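Trainee: I am new to this structure and would like to go through it slowly, one question at a time. Could you show it to me before we begin?

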Amino acid sequence: MRRSPGQRAVAGAALAVGILLAGCSVPAPSARQPSAGPKPPATSQAGSAPAAAGGSMHGIVLAIETGQNTIELEALDPATGAITATRTFAGGSATLAVDPSDPGYVWRQAFNQDLTELAATGPQAADGSTSAGYVSDQGGYTALTASTSGGYGTPLQKTAIGFNPRTGYLWYQTPQGNGAPYGHFGYVNPVSRVDTLLRHSRGFQNGAVGGLNDRVYFGANGYGPIDIADDPYAVYLTSGIEVAIDQVNNGYQVGRDGKVHQSTRDTRFTPRGLTVPWMKLPVDASQFLATNQSNQLYLGTLGQHVVRLRALLPASSRTVGDAVVNPAHTMIAFVSSTGTQSQLYVLSLTAQGSQPQLLGSFNGDLGAGYGLIDWLP
């Protein structure tokens, strides 16, 4: 049986002021004011080149809410923390498909594969319908879904969800359709523009777009849509394996995606005596990250009828936020905070006992308004 942890582990952070780099020669962007209008241009250290706006994105990618309905991407050098490129997505009359309360891996799915398009919902048309499409880093909204006007019936309000990581299709949901009390899901191929409304699908519990149980995401292998309420109870690996926590019996339940339920037999985990950690995100086909009351990270590895957990961090009272895994699945980057200071660290997953390496510090406490979304080659 899955129950609420009482207080959800913080997955996103508002960057009230820009990165103040600790102990390394990294350019520091100027102050950020999330949801309070445009951000001033980033400044660079004397003698160094400024970050390239719209340049190629490599390394650790941070998404920041820099203004109302505006998201900026910053690519950070994983060795120094230097900002190497930026991209800005301004929604304008369209609404960006990013919920500030969602973790970074859900923010990632709002972007297409090469991070040049951000899923968005178009402005309401005269007949009451809305379209799902994207906002480009070059500016402007492009509708992808087919129009529902011209026939008898309720014009559909198609609300963008994000891009499926396996197919690249843009998914959306509707709060109504064909007189059904629940909404429907649909998807559109961005290349062919073929729009498929799944008439036999239904929305989640409250049936109204925008509620907690209508926010959805996809597993790393494309499985879904998955109710956001599954976070942090389950993780979906690239191999098509779902690992869920059984808080009542202090164990893990392992099975194929979507096949894990209350009667699934628990898989024991080691070390014994540990309270089962909450899920964080998949690492690869057989490993995942988990967190214990938000201050410790564990690497979980599936074995022969056992889940082996290994603590990654020294004991501390720090709060751990978003994390991303490098392309080789050998390192992670994560945000950690104490008081009103937040830091970005990198850490090896393969070298046991390794210490986190500090890349930079943030002035401001953890809140909503940013997502650590990817680590690119």
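Trainee: Leaving aside its neighbours within four places in sequence, which residues is Leu-73 in contact with?

Mentor: Please keep in mind throughout that this is a predicted model. Once the neighbours within four places in sequence are set aside, the contacts of Leu-73 include Met-57, Val-61, Leu-62 and Ala-63, and also Ala-85, Thr-86, Arg-87 and Phe-89. The list is completed by Phe-111, Leu-115 and Ile-373.

Trainee: Which residues have the most contacts inside the largest nonpolar core?

Mentor: As a general background, nonpolar side chains in soluble globular proteins tend to be buried together. Here the largest nonpolar core has 20 residues, and those with the most contacts inside it are Ile-71, Leu-73, Phe-111, Leu-118 and Ile-373.

Trainee: Which element gives the largest share of this core?

Mentor: Two or more residues of this core come from each of strand E3 (59-67), strand E4 (70-76), strand E5 (83-90), E7 and strand E28 (370-376). The largest share amounts to three residues, and the element that gives them is E4.

Trainee: How many residues does the second, separate core have?

Mentor: This second core is separate from the one just described, and it includes Val-243, Phe-269, Trp-278 and Val-307. Its number of residues is 17.

Trainee: What percentage of the residues of the protein chain count as buried?

Mentor: The secondary structure of the protein chain comes to one helix and 28 strands, and its accessible surface comes to about 16,300 Å², of which 51% belongs to carbon and sulfur atoms. Of the 377 residues of the protein chain, the part that counts as buried is 52%.

Trainee: Is Arg-87, which forms a salt bridge with Asp-137, buried or exposed?

Mentor: Arg-87 lies in strand E5 and Asp-137 in the loop between E8 and E9, so their salt bridge ties together parts that are 50 residues apart in sequence. The closest N and O atoms of the two side chains are 3.8 Å apart. Asp-137 is buried, and Arg-87 is likewise buried.

Trainee: How many residues apart are Arg-108 and Asp-374, which meet in a salt bridge?

Mentor: The side chains of Arg-108 and Asp-374 meet at 2.7 Å, N to O. Arg-108 counts as buried because its relative accessible area is 15%, which is under 20%, and Asp-374 is buried with a relative accessible area of 17%. The pair links helix H1, where Arg-108 is found, with strand E28, where Asp-374 is found, and the two residues are 266 residues apart.

Trainee: Which residues are linked with Arg-215 in a network of salt bridges?

Mentor: Arg-215 forms a salt bridge with Asp-99, in which the closest N and O atoms are 3.3 Å apart. Arg-215 lies in the loop between strand E13 (195-198) and E14, whereas Asp-99 lies in the loop between strand E6 (95-96) and H1, so this pair ties together parts that are 116 residues apart in sequence. In the network, the residues linked with Arg-215 are Asp-99 and Asp-102.

Trainee: Why does Tyr-105 count as partly exposed, although its aromatic partner Tyr-217 counts as buried?

Mentor: Tyr-105 and Tyr-217 form an edge-to-face pair, at 5.6 Å centre to centre and with 75° between the planes. Tyr-217 has a relative accessibility of 3% and therefore falls under the 20% limit for a buried residue. Tyr-105 lies between the limits of 20% and 50%, because its relative accessibility is 21%.

Trainee: Which residue has a side chain joined to that of Ser-131 by a polar contact?

Mentor: Ser-131 is found in the loop between strand E7 (117-121) and strand E8 (132-136), and it is buried, with a relative accessible area of 17%. The polar contact joining the two side chains has a length of 2.7 Å, and the partner of Ser-131 is Tyr-141.

Trainee: What distance separates the C-alpha atoms of Leu-144 and Asp-195?

Mentor: Leu-144 has its place in the loop between strand E9 (141-143) and strand E10 (159-163), and at 4% relative accessibility it counts as buried. Leu-144 and Asp-195 are 51 residues apart along the chain, and their C-alpha atoms are separated by 8.0 Å.

How values were computed: Residues are numbered from 1 along each chain as its sequence is written. This is a predicted model: local features need pLDDT of at least 70, side-chain atom pairs count only at pLDDT 80 or more; totals for chains, interfaces and linings use all residues. Side-chain values use heavy atoms; hydrogens and water are left out. Helices (H or I, at least four residues) and strands (E, at least two) are DSSP runs, numbered from the N terminus. Buried means under 20% relative accessible area, exposed over 50%, partly exposed in between (1.4 Å probe, protein chains only). A polar contact is a pair of N or O atoms within 3.5 Å; within protein, one must be able to donate a hydrogen and the other to accept it, and residues adjacent in sequence count only if both atoms are side-chain atoms. A nonpolar core is a set of buried Ala, Val, Leu, Ile, Met, Phe, Trp, Tyr and Cys residues joined through side-chain atoms within 4.5 Å. Contact means heavy atoms within 4.5 Å. Accessible areas come from the Shrake-Rupley method with a 1.4 Å probe; for residues, only the protein chains shown count as cover. Rings of Phe, Tyr and Trp (its six-membered ring) pair if their centres lie within 6.5 Å; planes under 30 degrees apart count as stacked, over 60 as edge-to-face and the rest as tilted. A salt bridge is a side-chain nitrogen of Lys or Arg within 4 Å of a carboxyl oxygen of Asp or Glu.
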